[in-house]
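Visitor: I have a protein model here and a pile of labels I don't quite trust. Could you walk me through them?

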Amino acid sequence: MILSRIIETNGWRQAHLVSGITLVITGVLVFLVIRTKPSDMGLAPYGEGKTEKHGDRTINVSIKSAGLPFDKLKKTPAFYLTLLSCALCACCAYAPFHILIAHLTDHGFTQTEAASLWSIMYLLMAATKILDGYLTDRVGAKIVVIVSTLCMGISCFLYAGTTTFAGAIVPTVLFAVGLPLTSIIPPLSVGEVLGMRSYDNTVGPTLSMCAIASLAMGPLMNLLYQKLGSYDIPMRALLGLSVFSVLFYLFVCRLAEKDKKKYAKETADNLSSFTTTE
């Protein structure tokens with residue numbers, strides 16, 4: 001909102017200057033505050049420090065033992081389909097992200113109004129990221145992915161018909177809920193779907209698929225604009241893409257869960273055979 005006022009009074013050049021200075025100051029503060037290891041701040045690494053009750057005993061468990069080793073995981077269809085699923089969900093977010101300001105100005109919004117909505121969206125997205133982390137711990141990443149993807153699709157559908165600032169508030173809120181699909185949600189999701197055992201090997205390809213989605217959707221949306229004369233039809237079509245992405249994601253989750261159960265059973269059988277032999 002502050003930048004929108006600067007844009008209105010001093011132009012985009014001064015707004016970018018203020019934004020750059022703010023980023024430099026923030027970067028210095030992050031460098032001073034953030035630590036490399038959670039233990040440096042008195043925290044346990046993610047997935048550690050949890051316990052389970054087994055009769056009279058309480059044992060430590062680690063979610064990092066869940067899932068297949070990467071040498072086995074990379075041979076399963078679930079691994080590649082999970083990457084494709086992440087890319088589809090990211091497409092639902094990146095498609096409107098690249099063209100939202102242009103779409104709003106096409107619908108009669110001034111640059112100041114469009115920038116104000118953009119600012120509101122980023123403020124809400126910051127809160128949404130914190131909420132997504134909390135919900136992932138409480139209800140799981142699957143619910144977060146489904147809700148975020150559908151919210152993004154609904155927001156795009158509503159944006160296609162909005163012509164007033166007040167009417168754009170609801171889709172802006174939904175857009176903010178869905179936008180973490182481009183950042184924190186894919187890493188959280190892949191850890192839950194494929195397991196944390198191979199997380200170090202799966203999170204990189206997952207983020208790469210999100211980057212590919214970003215590179216592809218910007219030019220595609222602009223190409224459709226040139227062919228159709230507006231973003232309205234592509235924006236409405238994104239609702240259908242979001243529904244398909246959710247259904248495909250649920251299919252992948254089910255497939256990956258079967259692989260994890262199969263590997264766990266094989267591991268238990270091998271351990272039982274080894275114990276019997278001993």
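Below, a visitor asks about some labels and a guide explains them.

Visitor: Let's begin with the basics. What kind of model is this, and how many helices and strands are there in the protein?

Guide: It's a predicted model, with 10 helices and 2 strands. From the N terminus on, the elements run α-α-β-β-α-α-α-α-α-α-α-α. Of the 278 residues, 37% count as buried.

Visitor: What makes Ala90 count as buried?

Guide: Buried means under 20% relative accessible area. Ala90 has 0% relative accessibility, so Ala90 counts as buried. You'll find Ala90 in helix H4, which covers residues 77-106.

Visitor: And which residues does Ala90 touch?

Guide: Leaving out residues up to four places away in sequence, Ala90 touches Leu181, Cys210 and Ala213. Take Leu181: it is 91 residues from Ala90 along the chain, yet their C-alpha atoms are separated by 5.7 Å.

Visitor: Where is Leu181, then, and is it buried or exposed?

Guide: Leu181 sits in the loop between helix H7 (169-178) and H8. The cut-off for buried is under 20%, and Leu181 has 2% relative accessibility, so it counts as buried too. Besides Ala90, the residues Leu181 touches include Cys89, Ala93, Ser148, Thr149 and Pro186, again not counting residues up to four places away in sequence.

Visitor: Why is helix H8 called mostly covered?

Guide: Just look at the count: H8 spans residues 185-194, and 8 of its 10 residues are buried. Those buried ones are Ile185, Pro186, Pro187, Ser189, Val190, Gly191, Val193 and Leu194. Right after H8 comes Gly195, whose phi is positive, near 95°.

Visitor: What about Thr128? Why does it count as buried?

Guide: It's the same kind of check. Thr128 is at 10% relative accessibility and the limit is under 20%, so Thr128 counts as buried. Thr128 belongs to helix H5. Not counting residues up to four places away in sequence, it touches Ala176, Val177 and Pro180.

Visitor: Since you mention H5, why is it called oblique to H6?

Guide: Helix H5 (residues 111-139) and helix H6 (residues 141-159) pack at an angle of about 130°, and their axes are 7 Å apart. Roughly antiparallel would need over 145 degrees, and roughly perpendicular runs from 65 to 115. The angle of about 130° fits neither, and that makes H5 oblique to H6. On the H5 side, the contact is made by Asp132, Leu135, Thr136 and Val139, and H6 brings in Ala141, Ile143, Val144 and Ser148.

Visitor: How do you know that Ile34 is exposed?

Guide: Exposed means over 50% relative accessible area. Ile34 has 55%, so it is exposed. Ile34 is placed in the loop between helix H2 (12-33) and strand E1 (50-54).

Visitor: Which nonpolar patch on the surface does Ile34 help to form?

Guide: Its partners in the patch are Leu17, Ile21, Val24, Ile25, Val28, Leu29, Val30, Phe31, Leu32 and Val33. Together with Ile34 they have about 1,100 Å² of accessible area. For the protein, the accessible surface comes to about 15,900 Å², and 65% of that belongs to carbon and sulfur atoms.

Visitor: One last thing: how much of the contacts comes from residues 24 or more positions apart?

Guide: Of the contacts with a separation of 6 or more, 74% are between residues 24 or more positions apart.

How values were computed:
Residues are numbered from 1 along each chain as its sequence is written. This is a predicted model: local features need pLDDT of at least 70, side-chain atom pairs count only at pLDDT 80 or more; totals for chains, interfaces and linings use all residues. Side-chain values use heavy atoms; hydrogens and water are left out. Patches are made of residues with over 30% relative accessible area and no salt bridge: like charges are joined within 9 Å, nonpolar side chains (Val, Leu, Ile, Met, Phe, Trp, Tyr) within 5 Å. Accessible areas come from the Shrake-Rupley method with a 1.4 Å probe; for residues, only the protein chains shown count as cover. A salt bridge is a side-chain nitrogen of Lys or Arg within 4 Å of a carboxyl oxygen of Asp or Glu. Helices (H or I, at least four residues) and strands (E, at least two) are DSSP runs, numbered from the N terminus. Buried means under 20% relative accessible area, exposed over 50%, partly exposed in between (1.4 Å probe, protein chains only). Axes are lines fitted to C-alpha atoms, for helices over the stretch in contact, and angles run from 0 to 180 degrees between N-to-C directions. Angles under 35 degrees count as roughly parallel, over 145 as roughly antiparallel, 65 to 115 as roughly perpendicular and the rest as oblique. Contact means heavy atoms within 4.5 Å.
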